[in-house]
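Subject: Structure for you to look at

Hello,

Here is the structure I promised to pass on. Please open it next to this email and follow along.

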Amino acid sequence: MSYIARDDRPADKAARYAEVKAEILAVLEGEPNRVARMATVASMLADAFPLFFWTGFYVVDETKTDELVVGPYQGTLGCLRIAFGRGVCGTAASTRQTQIVEDVHAFPGHIACDARSASEIVVPVVDAAGQLIAVFDVDATEVAAFDAVDAEALERLMAKVFAA
Ligand code: SME
């Protein structure tokens, strides 16, 4: 089905995002369960982009609303909890702004769940009411793996899957 070579850095990332987005939306058609939607997004994106070393969600804890707890993901063991404002994920949650970090070792307060992670993107995830429900985190073992193309594609995908 996929005609795009599965190298580590796709020549046309935007095209690959468009392709996988259509596949994700087709799979999720009619499925309202949020865990199922998150698990499907994490699995299909991780499979579409070999560069993605850790791919998944930290969800806003239902009882402690200033803390994230790990949700569906693909990759090596992730930290279980991250306070708002801490690390890249906690910064994305508290600012509600996408964070692109070219070198995680230069990011103040970066939380190293796996020492192999070198760069990272974290996108806030909101529901249809505009409430923050999670952040979506992707780590890569190469520095500077993510740019504005990833940010835009992931922001649009999260809006379509969780806020539409
Ligand atoms: N590095 C992240 C923590 C989550 S993991 O990388 C899976 C951070 O600083 O928020």
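Below are notes on salt bridges and then on strands.

First, keep in mind that this is a predicted model.

**Salt bridges**

Side chains of opposite charge can pair when their charged atoms come close. How many salt bridges does a search of the whole structure find? The search finds seven.

Start with Asp-147 and Lys-13. Their side chains form a salt bridge, at 3.0 Å from N to O. This pair connects distant parts of the chain, with the two positions 134 residues apart in numbering. Asp-147 sits in the loop between β6 (132-140) and α4 (148-162). Lys-13 belongs to helix α1 (residues 13-28). Are these two residues buried or exposed? Lys-13 has 15% relative accessibility, and buried means under 20%, so Lys-13 counts as buried. Asp-147 has 34%, so Asp-147 counts as partly exposed.

Next, look at Asp-114 and Arg-116. They form a salt bridge too, and their closest N and O atoms are 2.9 Å apart. Asp-114 has a relative accessible area of 13%, which makes it buried.

Now turn to helix α4. Here the side chains of Arg-156 and Glu-152 meet in a salt bridge, with 3.0 Å from N to O. Where do they stand along the helix? They are four residues apart in α4, so about one helical turn separates them. Arg-156 is exposed, at 51% relative accessibility. Glu-152 is partly exposed, at 43%.

There is also a network. Salt bridges link Asp-61, Lys-64, Glu-67 and Arg-81. Two of these names lead into the strands: β2 covers residues 67-74, and β3 covers residues 81-83.

**Strands**

Strand β1 (residues 54-60) pairs with β2. The two are antiparallel, with five bridges. To see the pairing, find Thr-55, which stands opposite Gln-74 in β2. A hairpin of six residues connects β1 to β2.

β2 also pairs with β3. Which way do these two run? They run antiparallel, joined by three bridges. Val-69 stands opposite Arg-81 in β3. Arg-81 is the residue you met in the salt-bridge network. β2 and β3 form a hairpin as well, with six residues between them. Check Gly-75 in that turn: its phi is positive, about 140°.

Those are my notes. Trace each pair on your screen as you read.

Best wishes

Conventions. Residues are numbered from 1 along each chain as its sequence is written. This is a predicted model: local features need pLDDT of at least 70, side-chain atom pairs count only at pLDDT 80 or more; totals for chains, interfaces and linings use all residues. Side-chain values use heavy atoms; hydrogens and water are left out. A salt bridge is a side-chain nitrogen of Lys or Arg within 4 Å of a carboxyl oxygen of Asp or Glu. Buried means under 20% relative accessible area, exposed over 50%, partly exposed in between (1.4 Å probe, protein chains only). Two strands pair if DSSP finds at least two bridges between them.
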